[in-house]
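Visitor: May I ask for a close look at one part of this structure, beginning with a single contact between side chains? Please then follow the surroundings outward, step by step.

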Amino acid sequence: MNDKTPLVSVIIPVYNAEKYLSAAILSILNQTYKNLEIILLDDCSTDSSVDIIEDFKKRDKRVIIFQNDHSGIPNVLNKGIELAQGKYIARMDADDISTPSRIEKQISKISENNNFVLCGTWFQEFGNSNKKHKVYCKDEDIRLRSLISPQFCHPAVLMRSDFAKKFKYDEQYDSAEDYMFYLPAMETGKVFNIPEILLKYRIHESQISTAKKDEQKKFHLKVAKKYWLSFAKINTTEEILEPIIFGTNDKESLKRSLLFIKSIKDKKIKNLALSHLWKMNKKQLFFFNIITFFIGGFEAFIEKLRLRS
């Protein structure tokens, strides 16, 4: 293996993706970075997805197919990690598009520092939307905002293989397996996002993130609680975090979360929690606590300015 161009294993889970699969595979095969293996993990598709993969396999020896037993995304991803031979592992979904220089730019950056464990990129929605997502890029900014939500676009992530094989995805957190996966990454080393749109994220009604919102919310709160304990050193509850992260119509829940925020000693964490509480509960705060409404609105405005700077 050439140290200057180490092998990268691209893991793509596939389930009934015939409509978009060819474009996704081509976006990886056409990368400017060529030393790749593309592991497509079919999770018992009933459409022509397997035929499409087999056709690509005949044309390009870098394409590898593995047929799984329909056991869920975390299990499929872990199988891909087991099969991966590369020094680095990149994620992709079967309905998304990587820009041609995505992997080359990620490898160039992550190889600069041995402490780098995982990296992502900015991304843009397409299909039913064209929204651009400019996420935080520095390690310290990512850690702080991870108390509220994941700061990576999962199919845009590239990570060190030794880290991934050690920790893998936690199958207890199905629907939030990515959020949980980033926690040991940040406990192991440094992370970052590249400030450039290197992935096109397809929006359509049948994708998992639209169909399983309630389940995602439940697991999201369980994981967020772990982040607060690990990075903020605060042992709180999912009930306290829910109004801050997702909002609430319950006045008593809002009151408990406000009291919790007031008890936080770290100013950065306190301001972040207050700004997000305002973002998710504007109307309720206006009628419940007008002073907190204006303070939270100011902190939310400052938070937006930080992201743009």
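Guide: In this predicted model, the side chains of Asp93 and Arg91 are joined by a polar contact of 2.8 Å. Asp93 is located in the loop that runs between strand E4 (88-91) and E5. Apart from neighbours within four places in sequence, the residues in contact with Asp93 are Ile12, Pro13, Ala24 and Pro155. A separation in sequence can be set beside a separation in space here: Asp93 and Gln106 are 13 residues apart along the chain, and their C-alpha atoms are 17 Å apart.

One of the contacts of Asp93, Ala24, leads to helix H1. This helix comprises residues 21-29, and its buried residues are Leu21, Ala24, Ile25, Ser27, Ile28 and Leu29. What lies over these buried residues includes strand E1 (8-14), E2 and H2. The cover also includes strand E3 (63-67), strand E5 (97-98) and helix H4 (102-110). Two of these covering elements, H2 and E2, may now be examined in turn.

Ser49 belongs to helix H2. Its relative accessible area is 0%, and because the limit for a buried residue is under 20%, Ser49 counts as buried. With which backbone atoms does the side chain of Ser49 come together? It reaches the backbone nitrogen of Ala17 at 2.9 Å. In addition, a polar atom of the Ser49 side chain lies 3.3 Å from the backbone nitrogen of Glu18. Beyond four places in sequence, Ser49 is in contact with Val14, Asn16, Ala17, Glu18, Leu21 and Asp42. Leu21, in this list, is also among the buried residues of H1.

Strand E2 spans residues 36-42, and Glu37 has its place there. Glu37 is buried, yet it has no salt bridge. The nearest side chain of opposite charge is that of Lys165, 7.5 Å away. Since a salt bridge requires a nitrogen of Lys or Arg within 4 Å of a carboxyl oxygen, the distance to Lys165 is too long for one. What does the side chain of Glu37 meet instead? It makes a polar contact of 2.5 Å with the side chain of Ser9. Once neighbours within four places are set aside, the contacts of Glu37 include Leu7, Val8, Ser9 and Val10. Arg62 and Ile64 are also in contact with Glu37, as are Leu83, Ala84, Gln85 and Gly86.

The chain then continues from E2 into a loop that leads to helix H2 (49-59), and Cys44 lies in this loop. The phi angle of Cys44 is near 65 degrees, a positive value in a residue that is not glycine. At 37% relative accessibility, Cys44 is partly exposed. A second residue with a positive phi is Lys168, whose value is near 55 degrees; Lys168 is likewise not glycine. Lys168 is placed in the loop between H6 and helix H7 (177-188). Its relative accessibility of 26% makes Lys168 partly exposed.

The mention of H6 brings us to the aromatic rings. There are 14 aromatic pairs in the structure. One of them is formed by Phe163 and Phe167: the ring centres lie 5.3 Å apart with 40 degrees between the planes, and the pair is tilted. Both residues belong to helix H6 (residues 161-167), where they stand four residues apart, about one turn of the helix. Are the two residues buried or exposed? Phe163 is buried at 2% relative accessibility, whereas Phe167 is partly exposed at 35%.

A further pair joins Phe286 and Phe293, with ring centres 5.3 Å apart; the planes stand at 80 degrees, so this pair is edge-to-face. Phe286 is partly exposed, at 42% relative accessible area, while Phe293 is buried at 16%. Both rings take part in one aromatic cluster, which is formed by Trp278, Phe286, Phe287, Phe293 and Phe294.

Rings may also have a charged side chain over them. Arg59 lies over the face of Phe56, 4.6 Å from the centre of the ring. Arg145 lies over the face of Tyr136, at 4.1 Å from the ring centre.

Definitions and conventions. Residues are numbered from 1 along each chain as its sequence is written. This is a predicted model: local features need pLDDT of at least 70, side-chain atom pairs count only at pLDDT 80 or more; totals for chains, interfaces and linings use all residues. Side-chain values use heavy atoms; hydrogens and water are left out. Helices (H or I, at least four residues) and strands (E, at least two) are DSSP runs, numbered from the N terminus. Buried means under 20% relative accessible area, exposed over 50%, partly exposed in between (1.4 Å probe, protein chains only). Lys and Arg count as positive and Asp and Glu as negative; His and the chain ends are not counted. A polar contact is a pair of N or O atoms within 3.5 Å; within protein, one must be able to donate a hydrogen and the other to accept it, and residues adjacent in sequence count only if both atoms are side-chain atoms. Contact means heavy atoms within 4.5 Å. Rings of Phe, Tyr and Trp (its six-membered ring) pair if their centres lie within 6.5 Å; planes under 30 degrees apart count as stacked, over 60 as edge-to-face and the rest as tilted. A charge sits over a ring if NZ of Lys or CZ of Arg is within 6 Å of the ring centre and within 35 degrees of the ring normal.
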